[in-house]
Number of protein chains: 2
Amino acid sequence: MPTWISGRVRKAPENFVQGEGVRTVFAEARAGRRDFIRGAFATAASGMAAGVAVAQGVAGDGESAILNLPAHSTGLGQAVATDGYGKPSRYEANVQRRQSPGLTQTKQASVSFAPLQSLFGIVTPSGLHFERHHQGWWDIDPSQHRLMVNGMVKAAKVFTMDEIMRLPSVSRFHFIECGANTGMEWGNVAVPTVQYTHGMLSCSEFTGVPLITLLELAGADLKKGRFVLAEGADGSSMTRTIPMELIESGEVLVAYGQNGEMLRPEQGYPLRLVVPGVQGVSWVKYLRRIEVGDQPWAAKDEAVHYVDLMPDGLHRQYTSIQECKSVVTTPSGGQMLLDKGFYNITGLAWSGRGKVQRVDVSVDGGRNWRTARLESPVLSKCLTRFNIDWVWDGKPAIIQSRAMDETGYVQPNYQQLRAARGSRSIYHNNAIQSWAVQESGEVVNVQLS
Amino acid sequence: MPTWISGRVRKAPENFVQGEGVRTVFAEARAGRRDFIRGAFATAASGMAAGVAVAQGVAGDGESAILNLPAHSTGLGQAVATDGYGKPSRYEANVQRRQSPGLTQTKQASVSFAPLQSLFGIVTPSGLHFERHHQGWWDIDPSQHRLMVNGMVKAAKVFTMDEIMRLPSVSRFHFIECGANTGMEWGNVAVPTVQYTHGMLSCSEFTGVPLITLLELAGADLKKGRFVLAEGADGSSMTRTIPMELIESGEVLVAYGQNGEMLRPEQGYPLRLVVPGVQGVSWVKYLRRIEVGDQPWAAKDEAVHYVDLMPDGLHRQYTSIQECKSVVTTPSGGQMLLDKGFYNITGLAWSGRGKVQRVDVSVDGGRNWRTARLESPVLSKCLTRFNIDWVWDGKPAIIQSRAMDETGYVQPNYQQLRAARGSRSIYHNNAIQSWAVQESGEVVNVQLS
């Protein structure tokens with residue numbers, strides 16, 4: 001076997017270049033060509049010599065090869081951070097959350113979508129977490145911020161951030177999805193990419209204090225007080241009713257941490273209500289008050305907004321829980337398959353009612369289904385990443401995913417969804433998404449009737 | 001119950017201000033004082049009126065209160081992101097990875113430590129992930145990057161990034177710890193904070209292709225080829241031997257994703273070897289070559305560096321696996337307890353051999369131990385967050401944590417560690433850490449004999 005001797009001289013590996021068709025990075029570097037595959041064939045014969053020279057790091061034929069090595073293989077790189085906060089590669093500058101132009105009247109009451117097509121696993125980087133604001137975001141001084149707990153309690157209490165952060169803490173992974181996610185698709189408006197169809201979805205590890213702990217400290221009347229009102233400190237006066245059952249389960253958190261650090265300002269720094277499984281609007285940001293009461297408040301954002309227009313013309317209120325849903329993120333709309341052959345189909349599944357049990361994937365518009373691999377851990381009310389092998393034969397295909405949760409609920413197709421819900425809603429569209437792969441390799445959003 | 005009427009007028013909650021000692025945020029805002037607690041007592045009597053006025057949003061006595069509300073409660077905030085990449089609050093600017101001045105000769109071959117004292121849960125934000133470079137970091141163009149698989153294989157192969165990202169993908173949470181983490185403590189040098197004692201530790205969700213998949217594609221001889229050499233593309237010529245057993249388990253990944261996005265440049269963008277449970281130096285960054293062989297390579301960074309000087313004067317080589325370890329991150333060195341009373345003690349535990357089974361915490365220097373709560377999920381070769389209640393009586397205390405993994409291995413104290421390993425090592429110090437809480441509330445690093 002080749003071995004290093006004083007870290008400099010090294011026998012050339014026997015199989016370094018093995019004739020025709022092998023693409024060598026050294027050959028490419030030496031030729032300095034962009035069309036690498038073509039170059040690999042042309043230089044295969046001389047590749048061996050160049051490879052040896054590079055491997056040995058000596059002069060002669062190898063000299064030009066060394067000079068043509070990339071700077072990062074010969075030079076001194078950048079220093080470790082002595083301050084500041086790291087950021088992604090300059091080659092990833094295109095991976096951004098994006099606002100949908102024209103979707104909203106102002107940029108303060110608007111949406112910025114997460115780039116799901118470029119994300120992996122289940123954690124959403126906080127710098128790419130979707131945004132939904134009702135009156136813009138703020139960076140509030142935590143030393144000045146307070147949380148009041150009042151209403152049907154023995155003694156109203158006001159907590160400082162320091163006080164909250166001294167209390168028993170829990171950390172949990174949960175998804176957050178805006179109730180209006182995939183809302184455009186109700187109207188058969190096939191927006192082009194998964195960023196815009198499903199990008200009001202993110203997932204983080206949240207850290208905070210169970211709300212029930214704060215209610216107990218204030219001596220809340222849990223027998224009569226079956227609801228709380230959560231109120232944010234920003235100008236939107238966001239208020240939402242949360243049923244006490246959810247809080248008593250210990251799942252609802254008054255969170256200060258997200259993905260290991262303090263919440264980001266766009267996500268409600270320094271304090272946000274985390275209501276696992278429930279639509280994002282109830283995850284009140286800049287949380288400043290919790291009031292215990294004996295009936296729902298019918299606040300503006302639950303009586304008038306965030307309601308579902310049903311086929312009979314009536315509005316359905318307080319439909320908070322995000323039902324089981326999934327979407328393929330690669331391949332997805334706007335992407336391009338460069339050639340036939342093997343692809344890893346990947347996507348996300350989630351349910352507001354517990355764990356994802358199974359995800360099936362079809363590549364023929366729902367005629368045949370295969371069960372995908374779920375990446376572990378599979379957690380309750382959390383994104384689950386799925387993957388499945390696919391060999392594309394170059395012919396048109398329609399890719400879909402269909403999730404089932406631990407309650408046995410199966411994600412509906414559009415026909416099933418419309419039968420129950422009509423077609424004039426905005427919120428809570430959890431239908432199966434279809435991506436058509438065209439012969440050109442282009443992937444487009446289609447809606448099967 | 002108070003209810004919203006057209007979203008503007010609102011009955012004052014009965015318990016809004018309840019006499020002496022209640023700290024109200026409105027009282028503070030009106031008084032405009034920094035010394036909030038003092039102010040809360042002085043203005044308790046008038047607090048009721050101001051609170052009602054604010055709540056009603058009407059003129060009169062309440063007007064000045066409204067004018068004194070924070071800007072974020074009355075104004076229009078900042079717009080959603082239309083491009084760019086989010087960043088933490090300006091109030092968190094002090095939470096940074098930091099280099100230890102004088103620890104290394106150059107900033108390119110150095111360390112920057114993660115601020116464990118400020119982190120929550122198990123995910124390390126990628127912007128705060130510890131750094132260890134041997135010749136600086138690079139931001140390599142992924143379209144130019146290649147990975148070669150050669151050595152004892154049927155046909156050497158070179159993969160582009162596009163090719164790798166089309167292969168079957170997995171996502172897993174794992175810790176990475178530098179073998180030299182806590183190295184200063186061998187010499188009884190009690191560095192002041194957990195950032196410098198344990199900050200060469202981070203944890204992420206990694207996404208990539210199992211290395212075994214690439215070896216199978218190249219037709220590796222898994223019978224004779226029981227080792228691989230992993231080689232990085234940067235100027236440090238980092239090469240490490242990885243035993244084939246680890247690779248055959250499917251655990252070793254050729255990773256491109258970290259915490260949902262592409263690897264950061266400091267972490268080896270666009271390709272890094274992930275070797276769960278093994279010290280960080282084997283997680284070769286800028287991965288460009290995998291060679292299959294039939295014996296260890298004795299590369300410079302495994303024959304000469306990253307070796308353990310044992311009590312008998314011999315060096316122990318190839319001690320790669322990070323044994324079970326834990327540390328309390330709050331309270332920890334450099335922090336200050338402001339008064340007596342309840343605190344949440346929290347910390348991290350991990351093992352390179354599997355899952356953490358249990359963590360015990362002592363507040364009296366190891367005489368008495370209580371078992372901490374482990375946050376779920378508890379994953380193999382991953383950080384585990386623990387929490388435990390503590391009421392500080394104001395007297396001196398010594399806080400320690402002791403982890404046990406699923407193999408039954410128990411984290412040693414310094415006496416036990418030195419009995420086995422001596423005191424002249426650099427690497428693989430997994431001893432129990434002690435933080436002394438002084439009567440002043442100050443927390444300092446101490447080493448119990």
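Student: Which strands of chain A do the buried residues of α11(A) pack against?
Tutor: This is a predicted model, where local features need pLDDT of at least 70, side-chain atom pairs count only at pLDDT 80 or more, and totals for chains, interfaces and linings use all residues; side-chain values use heavy atoms, with hydrogens and water left out. Residues are numbered from 1 along each chain as its sequence is written, while chains are lettered from A and ligands numbered from 1 in the order in which they are written. Helices (H or I, at least four residues) and strands (E, at least two) are DSSP runs, numbered from the N terminus. Taking contact as heavy atoms within 4.5 Å, the buried residues of α11(A) pack against β14 (308-309) and β15 (315-316) of chain A.

Student: How wide an arc do those buried residues cover around the axis?
Tutor: Buried means under 20% relative accessible area, exposed over 50%, and partly exposed in between (1.4 Å probe, protein chains only). In α11 (residues 414-421) of chain A, the buried ones are A:Tyr414, A:Leu417 and A:Arg421. They sit on the same side of α11(A) because the arc, taken from the directions from the helix axis to the C-beta atoms, is only 65°.

Student: And which residues on the other side of α11(A) are exposed?
Tutor: Remember that A:Tyr414, A:Leu417 and A:Arg421 are buried. Flip to the other side of α11(A) and you'll find the exposed A:Gln415, A:Ala419 and A:Ala420.

Student: What phi does A:Gly422 take?
Tutor: Let's look at both ends of the helix. At the start of α11(A), a side-chain oxygen of A:Asn413 comes within 3.1 Å of the backbone nitrogen of A:Gln415. Just after α11(A), A:Gly422 has a positive phi of about 75°.

Student: Is A:Tyr318 buried, exposed or partly exposed?
Tutor: A:Tyr318 is in the loop between β15 and β16 of chain A. Its phi is near 55°, positive even though the residue isn't glycine. With a relative accessible area of 32%, A:Tyr318 is partly exposed.

Student: Which residue is joined to A:Thr330 by a cis peptide bond?
Tutor: Look in the loop between β16 (325-330) and β17 (341-350) of chain A, where you'll find a proline. Omega is about 0° for the bond from A:Thr330 to A:Pro331.

Student: Which strands stand at the edges of the five-stranded sheet in chain B?
Tutor: The order in this open sheet is β19-β18-β22-β23-β24 (chain B), with antiparallel pairing; two strands pair if DSSP finds at least two bridges between them. An edge strand has a single partner, so one side is left without a neighbour in the sheet, and that goes for β19 (370-371) and β24 (443-446) of chain B.

Student: How many residues lie between β8(B) and β9(B) in their hairpin?
Tutor: Strands β8 (residues 227-232) and β9 of chain B run antiparallel, joined by five bridges. Across the pair, B:Val228 stands opposite B:Ile242. In the turn, B:Ser237 has a positive phi of about 50°, and the number of residues between the strands is six.

Student: How big a turn lays chain B on chain A?
Tutor: Copies are superposed by least squares on the C-alpha atoms of residues with pLDDT of at least 70 in both. The RMSD is 0.0 Å and the shift along the axis is 0.0 Å, with a turn of 180°. The two copies are thus related as by a two-fold rotation axis, which matches that turn of 180°.

Conventions
A polar contact is a pair of N or O atoms within 3.5 Å; within protein, one must be able to donate a hydrogen and the other to accept it, and residues adjacent in sequence count only if both atoms are side-chain atoms.
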